[in-house]
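User: I'd like to go through the labels on this model and see what stands behind them. Can we take them one at a time?

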Amino acid sequence: MDSITQAALGGALGGAVLGRRFGRGAVIAGALLGTLPDMDVLIDYGDAVANFSQHRGFSHSLLVLAPLAVVLAALLSRWQHSVSFRRWLTFTGAILITHPLLDAFTTYGTQLLWPLGPPVAWHTIFIIDPLYTLPLLVAVIIALVRPPAIRALTAGLALSSLYLAWSLAAQQWVDHRVHQALAGTGYQTAPRMVQPMPFSTLLWRATVLHREERLEIVTGLLDGDAPLHIEGFPRDANLVASAKQLDDGRRLEWFTGGFLDYRLEDGRLVATDIRLGVPGAHPFQFVIAEAQGGPDNLAWQAVRSTRLARPMVNEDAWPALFRRTLALSPVLCLRELKLASSGAACEGTLPPLGSQ
């Protein structure tokens with residue numbers, strides 16, 4: 001999640017655990033501790049792919065943060081004998097452990113058990129979601145103005161936790177709807193990812209990978225029984241295979257679970273993380289190789305990876321997203337991030353699911 005949300009969560013937990021003893025100091029200390037794991041963004045791992053895929057690595061590992069919480073609690077209990085070690089451990093442990101767990105609800109990828117296993121991403125909440133953050137932020141402000149405000153902090157934590165539970169339920173509903181629509185097609189067993197569109201859990205995006213094509217479906221909880229609208233995006237199987245022969249390609253495949261797009265641009269192999277952002281506005285695009293030879297004997301030379309500039313989003317995109325979220329307009333064309341009155345108005349629109 002964003003830094004404001006993590007600080008608000010840490011501040012709320014800090015105030016709830018030690019607010020009666022330290023007042024607003026517990027809230028401020030909790031907010032600072034809650035942002036500590038994200039300080040890994042200051043580390044340069046050597047190239048763009050490494051920086052991308054090692055963020056939320058060791059600093060977000062439960063195998064690192066749990067022992068760190070114990071060490072910090074021991075130091076703090078020596079500093080303040082009036083608070084027991086157990087109480088300090090509740091303070092440090094709750095704040096440090098909830099940070100990566102909350103991140104795991106997003107799509108980026110959090111290495112909860114670094115250095116073991118792949119990143120964890122439950123895809124149920126967008127990285128910025130005001131409906132999750134506001135209860136925590138309001139509670140923290142109240143606790144800073146009129147400490148200790150334990151009831152306000154408890155209420156904020158309860159509401160934000162209920163919202164996370166709601167996001168899980170909403171995702172399952174959308175996934176079930178997509179799964180039913182895929183039944184009887186060639187895509188029902190293909191890898192798919194269901195995640196919320198920006199800023200709420202009312203509008204969702206389903207991405208389905210196939211060997212030579214990927215499907216993008218946008219559907220909302222307010223859509224009723226409207227048929228699913230589907231857009232197709234081609235995939236170059238040869239580029240996918242070539243990328244998997246490169247170290248950076250394998251690293252990105254591992255980190256993203258394979259949800260990548262590859263293209264040849266000015267003689268360079270560009271890998272795009274299609275999980276984050278939306279088509280036409282994916283923020284993470286990396287040059288990982290240069291083409292060698294001609295069309296008949298094309299080969300790839302690995303290069304030090306670099307990240308391309310974030311693509312510009314058209315000015316009408318955010319109003320269009322808002323209207324689509326509230327089901328005020330039926331179709332959002334992902335290629336152009338523009339509204340359309342019918343599926344036929346979108347480039348790349350495919351027949352209704354189930355009709356293939």
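Analyst: Sure, here are the labels, each set against its cut-off; keep in mind that this is a predicted model.

User: What makes the radius of gyration of the protein chain agree with a compact globule?

Analyst: With 356 residues, a compact globule would come out near 21 Å, and the protein chain has 23 Å, so the two agree. The C-alpha atoms fill a box of roughly 75 × 50 × 35 Å along the principal axes. In that space sit ten helices and ten strands.

User: Why is Arg324 called buried?

Analyst: Buried means under 20% relative accessible area. Arg324 has 3%, so it counts as buried. You'll find Arg324 in helix α10, residues 317-325. Beyond its neighbours within four places in sequence, Arg324 has contacts that include Asp223, Thr219, Leu203 and Leu339.

User: Why is Asp266 called exposed or buried, whichever it is?

Analyst: The cut-off for exposed is over 50%. Asp266 has 70% relative accessibility, so it is exposed. Asp266 sits in the loop between β5 (260-265) and β6 (268-273).

User: And what makes Phe199 partly exposed?

Analyst: Partly exposed is what lies between the 20% and 50% limits. Phe199 has a relative accessible area of 36%, so that label fits. Phe199 is in the loop between β1 (192-196) and β2 (203-209).

User: What is unusual about phi in Phe199?

Analyst: Most residues other than glycine have a negative phi. Phe199 isn't a glycine, yet its phi is positive, near 80°. Asp266 also has a positive phi, about 55°.

User: Which peptide bonds are cis, and how do you know?

Analyst: Look at omega: for the bond joining Trp114 and Pro115 omega is about 5°, and that bond is cis. The bond from Pro147 to Pro148 is cis too, with omega near 5°. Pro115 lies in the loop between α5 and α6, and Pro148 in the loop between α6 and α7. For context, most peptide bonds are trans.

User: What makes a set of residues a nonpolar core, and which ones touch the most other members of the largest?

Analyst: The members must be buried, of a nonpolar type such as Leu or Phe, and joined through side-chain atoms within 4.5 Å. The largest core here has 31 residues, and those touching the most other members are Leu9, Leu18, Phe91, Ile125, Tyr132 and Leu136. Helix α1 gives the largest share, six residues. Apart from this core lies another, of 20 residues, including Ala48 and Phe286.

Definitions and conventions:
Residues are numbered from 1 along each chain as its sequence is written. Side-chain values use heavy atoms; hydrogens and water are left out. Helices (H or I, at least four residues) and strands (E, at least two) are DSSP runs, numbered from the N terminus. The radius of gyration is taken over C-alpha atoms; the globule rule is 2.2 Å times the number of residues to the power 0.38. Buried means under 20% relative accessible area, exposed over 50%, partly exposed in between (1.4 Å probe, protein chains only). Contact means heavy atoms within 4.5 Å.
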